[in-house]
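Dear colleague,

I am handing over the structure you asked about, and below it you will find notes on what turned up when I went through it. Please keep it open beside you as you read.

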Amino acid sequence: MAYYYSEPSRTFSEYLLVPGYSSPNCVPDNVSLKTPLVKFKKGEEPAISMNIPMTSAIMQAVSDDRMAVALAREGGVSFIYGSQTVEDQAAMVARAKAYKAGFVISDSNVKPTATLNEMLSIVERTGHSTVAVTEDGGPNGRLLGMVTRRDYRLSRMTGQETVESFMTPLDKLVTAPASTTLKEANDIIWEHKVNTLPIVDDDGGLIYFVFRKDYDSHKENPLELLDAGKKYVVGAGINTRDYARRVPALIEAGADVLCIDSSEGFSEWQRMTINWIREHYGDTVKVGAGNVVDAEGFRFLAEAGADFVKVGIGGGSICITREQKGIGRGQATALIDVCAERDRYFQETGVYVPVCSDGGIVHDYHFTLALAMGADFLMLGRYFARFDESPSRRVSIGGNYMKEYWGEGSSRARNWQRYDVGGKEGMAFEEGVDSYVPYAGSLHDNVALTLSKVRHTMCNCGAVTIPELQQKAKLTLVSATSIVEGGAHDVVLKENTVNGGKK
């Protein structure tokens, strides 16, 4: 006979935190959001910890090398998507590991023969108005000139003009050699009163841009997450099919941590993947696994050797696994169940296996709820897809800027390996949708706001660390009427002035 759970599965919005005593020490500036990323033994320190409890989802529309750098600067980790060739993914990892703070690889590049309209379409897609004019139209081609908004006036042009006719040519640009340090670059910018400094190699090839506007942001990154070699920590997704090829390439490229990307992780395929990694690399390669939604699934992956376990099936905004297959569990209930098993496993073995909550985040306060319920960190897709740093296109829809966002189980991504159950290759049906999310600006500004809310809420609960929050938190279920009461009601709003509400 089938097993029936006695309680319904619940989501984050069905819970609230009840305030606790706040001591004079409970102020936001004293809150530490440091959290373990990989497993560790009792009394020891984890090999990798994060300074904020945030990772970006293993998705085409979310995590590339640019996102990896941006999130590591804030103290988190991005897992570069694996639904691409081994070579392309390894190249993304290598670029992120080679990134030098303050030195930006150009993503808006054209040939000199391109038209103004062609250039404007690139600017629209990237959102960046500084365009490098290179011989081959690539980010590292021989630099011929540069275009900014000061170089053209749309009201007086047809759009068919070639870029070379209005660009600022190389001989009028201030450039610097590859050996230039960030301090030297900033000195050159201020000395010559320029906004952008191209860094070129001995053959005249463009390597980086250094921007005046980035000067202040590069002075202070107190939470940036660096490896022993002072390079940003970078993660990468893998699957259970081609790991024997993909894992060595990613490790050689410099990936610090891997994660098996699967919609359902309670399977022998995941154990086989972890076993292969352990046989070839021992414990030197860190690999997370998932996703699971109950204690049994967690125990299976922990015993298989996973360095962390992801929780969540069907709770993502673009995921339709529950609709298509009828499997899954409410994210809050799944998280509470798994974290209780994580604690039992720690008591029994002395090994702490961090839990990642993946999916179900709608509002900023859900972050704190997930942490209070036991999550060590969160994995987020839609949240990060809205920002400048995500790889998807920014488009105008109905007069509003949006970012494209699609699921790995959509026909657009066709990441069948993520939904592989050991049958034929390919997707039998979709488990994700293709959509838009409201454009929200820079990652830095939004993450700062979200984490400010988390810190303030933790202080309301009398906690200044995540483990303390998990010990002291008091949670209550709320009725449907209470949920309505929790928002603005029985008034006529003048305008929506609330910043950072629904995500």
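Helices and strands here are DSSP runs, numbered from the N terminus. With that naming, and remembering that this is a predicted model, serine 262 can be placed in the loop between β15 (257–260) and α7 (268–281). Is serine 262 buried or exposed? Its relative accessibility is 7%, and because buried means under 20%, serine 262 counts as buried. The side chain of serine 262 also reaches the backbone oxygen of glutamate 264, at 2.9 Å.

Turning to the nonpolar residues, the largest core has 107 of them, and Phe384 is among those with the most contacts inside it, together with Leu37, Met54, Leu258 and Leu335. A second core, separate from that one, has 13 residues, including Val110 and Leu116. Phe384 also belongs to an aromatic cluster with Phe367, Tyr383 and Phe387, while arginine 386 lies over the face of tyrosine 383, 5.0 Å from the ring centre.

The aromatic pairs come to 18. In one of them, phenylalanine 308 and phenylalanine 377 meet edge-to-face, with 5.5 Å from centre to centre and 75° between the planes. Phenylalanine 308 lies in the loop between α8 (295–304) and β17 (309–311), and phenylalanine 377 in strand β20 (residues 377–380), so this pair ties together parts that are 69 residues apart in sequence.

Finally, β21 and β22 form a hairpin with 2 residues between them, and these antiparallel strands are joined by 4 bridges. Arginine 394 stands opposite lysine 403 in β22, and arginine 394 also lies over the face of tyrosine 439.

With best wishes

Notes:
Residues are numbered from 1 along each chain as its sequence is written. This is a predicted model: local features need pLDDT of at least 70, side-chain atom pairs count only at pLDDT 80 or more; totals for chains, interfaces and linings use all residues. Side-chain values use heavy atoms; hydrogens and water are left out. A nonpolar core is a set of buried Ala, Val, Leu, Ile, Met, Phe, Trp, Tyr and Cys residues joined through side-chain atoms within 4.5 Å. Buried means under 20% relative accessible area, exposed over 50%, partly exposed in between (1.4 Å probe, protein chains only). Two strands pair if DSSP finds at least two bridges between them. A polar contact is a pair of N or O atoms within 3.5 Å; within protein, one must be able to donate a hydrogen and the other to accept it, and residues adjacent in sequence count only if both atoms are side-chain atoms. Rings of Phe, Tyr and Trp (its six-membered ring) pair if their centres lie within 6.5 Å; planes under 30 degrees apart count as stacked, over 60 as edge-to-face and the rest as tilted. A charge sits over a ring if NZ of Lys or CZ of Arg is within 6 Å of the ring centre and within 35 degrees of the ring normal.
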